[in-house]
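Here's a quick tour of a protein model, written for someone just starting out. Have a look at the picture, then follow the bullets one topic at a time.

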Amino acid sequence: MLGHTSAVYSVAFSPNGTHIASGSYDETIRIWSCKTGATVIGPLTGHTDDVSSVAFSPYGSRIASGSYDETIRVWDAQTGACILGPLDGPAAGMNSVAFSPDGSRFASGSSDGTVRIWDAFSGEPVGEPIEGHRDSVDCVAYSPDGVRIASGSDDHMIRIWNAATGALIHQPLRGHT
C-alpha cells in the first residue's frame with residue numbers, strides 16, 4: 001500500500017502501541033500497523049490543508065487531527081469515519097491537539113496564539129480561548145493528572161495553565177532562544 005504523497009508532519013502511537021497515526025501535508029491521516037508496516041485505515045480525507053497534528057484518545061478509540069485549514073476533526077480509529085467536525089476554531093491554523101488523560105476533552109494550540117479546550121464528545125468549546133502567548137502556539141500537552149495544560153510557542157515561552165479555569169498557574173518558563 002502506498003503511503004503519504006507529501007511530508008509527514010505528525011505521528012502518534014495508539015495507547016496499546018499496535019498502531020501509529022500520521023498526519024501529512026497531503027491533507028490526509030493514515031493509521032499504520034506497527035507489526036506489518038501497512039496502512040490499515042486511510043487515507044482519511046476531509047481536511048483542505050496540511051494536517052499538522054494527530055493524537056490518539058487515551059483508550060485508542062478516537063483520533064483528533066488539527067490542520068492549517070483552521071479546523072479540527074475527530075475520527076473513529078477503528079473505521080476511519082469522521083465522527084466530529086470540522087470544528088472551527090480561530091481564523092488561524094490548528095498546530096497541535098492533545099487529549100486529556102480521561103479522554104473527555106482535548107486541547108488545541110493555534111497560530112493565533114491561543115489555546116482552546118474542547119469537549120471530546122460534543123465538539124463544543126469549553127470556556128473561552130486561553131490567551132497569553134504573543135505568537136503561534138505550536139504544541140500543547142495535558143499533565144498526567146489532567147489538571148494542567150502546557151503550551152509552547154514561537155514567542156520562546158512555555159506556559160502552564162489550569163485546565164479547568166484557563167488561568168496561568170505561574171510565570172512563563174523562559175530559556176529557549
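With which side chain does the side chain of Ser136 make a polar contact of 3.2 Å? The partner is the side chain of Asp138. Before we go further, keep in mind that this is a predicted model. We'll start with Ser136, then move on to a sheet, some aromatic rings, the cysteines and one alanine.

**Around Ser136**
- You'll find Ser136 in the loop between β11 and β12, the latter covering residues 137-142.
- Is Ser136 buried or exposed? Its relative accessible area is 8%, and the cut-off for buried is under 20%, so Ser136 counts as buried.
- Asp138 has company as a polar partner: the side chains of Ser136 and Asn95 are joined by a polar contact of 2.8 Å.
- Skip the residues up to four places away in sequence, and Ser136 still touches Asn95, Ser110, Ser111, Gly113, Gly152, Ser153 and Asp154.

**An open sheet of four strands**
- Read across the sheet and the order is β5-β6-β7-β8, with antiparallel pairing.
- At the edges sit β5 (51-56) and β8 (82-88), each of which pairs on one side only.
- From one strand to the next, the twist averages 15°.
- Edge strand or not, β5 is largely enclosed by the rest of the structure, because six of its six residues are buried.
- Five bridges hold the antiparallel pair of β5 and β6 (residues 62-67), and Phe56 stands opposite Ile63 in β6.
- The hairpin of β5 and β6 has five residues between its strands, and there Gly60 takes a positive phi near 80°.
- Further along, β7 (residues 71-76) and β8 run antiparallel and are joined by four bridges. In β8, Asp88 is the residue opposite Thr71.

**Aromatic rings**
- How many aromatic pairs does a search of the whole structure find? The search turns up five.
- One of the pairs is Phe106 with Trp118, which is stacked: the ring centres are 6.3 Å apart and the planes are at 15°.
- Phe106 belongs to β10 (residues 105-110) and Trp118 to β11 (residues 115-119), so this pair ties together parts that are 12 residues apart in sequence.
- Both partners are tucked away from the surface: Phe106 is buried at 0% relative accessible area, and Trp118 is buried at 2%.
- Elsewhere in the chain, Tyr9, Tyr25 and Tyr68 make up one aromatic cluster.

**Cysteines**
- A disulfide is a covalent bond linking the sulfur atoms of two cysteines.
- How many disulfides are there in this model? The count is zero, going by the rule that two cysteine sulfur atoms must lie within 2.5 Å.
- Cys34 is partly exposed, with a relative accessible area of 36%.
- Cys82 is also partly exposed, at 33% relative accessibility.

**Around Ala163**
- Look for Ala163 in the segment after β14 (158-162).
- Ala163 counts as buried, with 8% relative accessibility.
- How far apart in space are Ala163 and Ile149, C-alpha to C-alpha? The distance is 5.7 Å, although they are 14 residues apart in sequence.
- Ile149 is one of the contacts of Ala163 once neighbours within four places in sequence are left aside. The others are Arg105, Ile117, Tyr142, Gly146, Val147 and Arg148.

Key: Residues are numbered from 1 along each chain as its sequence is written. This is a predicted model: local features need pLDDT of at least 70, side-chain atom pairs count only at pLDDT 80 or more; totals for chains, interfaces and linings use all residues. Side-chain values use heavy atoms; hydrogens and water are left out. Two strands pair if DSSP finds at least two bridges between them. Helices (H or I, at least four residues) and strands (E, at least two) are DSSP runs, numbered from the N terminus. Axes are lines fitted to C-alpha atoms, for helices over the stretch in contact, and angles run from 0 to 180 degrees between N-to-C directions. Rings of Phe, Tyr and Trp (its six-membered ring) pair if their centres lie within 6.5 Å; planes under 30 degrees apart count as stacked, over 60 as edge-to-face and the rest as tilted. Buried means under 20% relative accessible area, exposed over 50%, partly exposed in between (1.4 Å probe, protein chains only). A polar contact is a pair of N or O atoms within 3.5 Å; within protein, one must be able to donate a hydrogen and the other to accept it, and residues adjacent in sequence count only if both atoms are side-chain atoms. Contact means heavy atoms within 4.5 Å.
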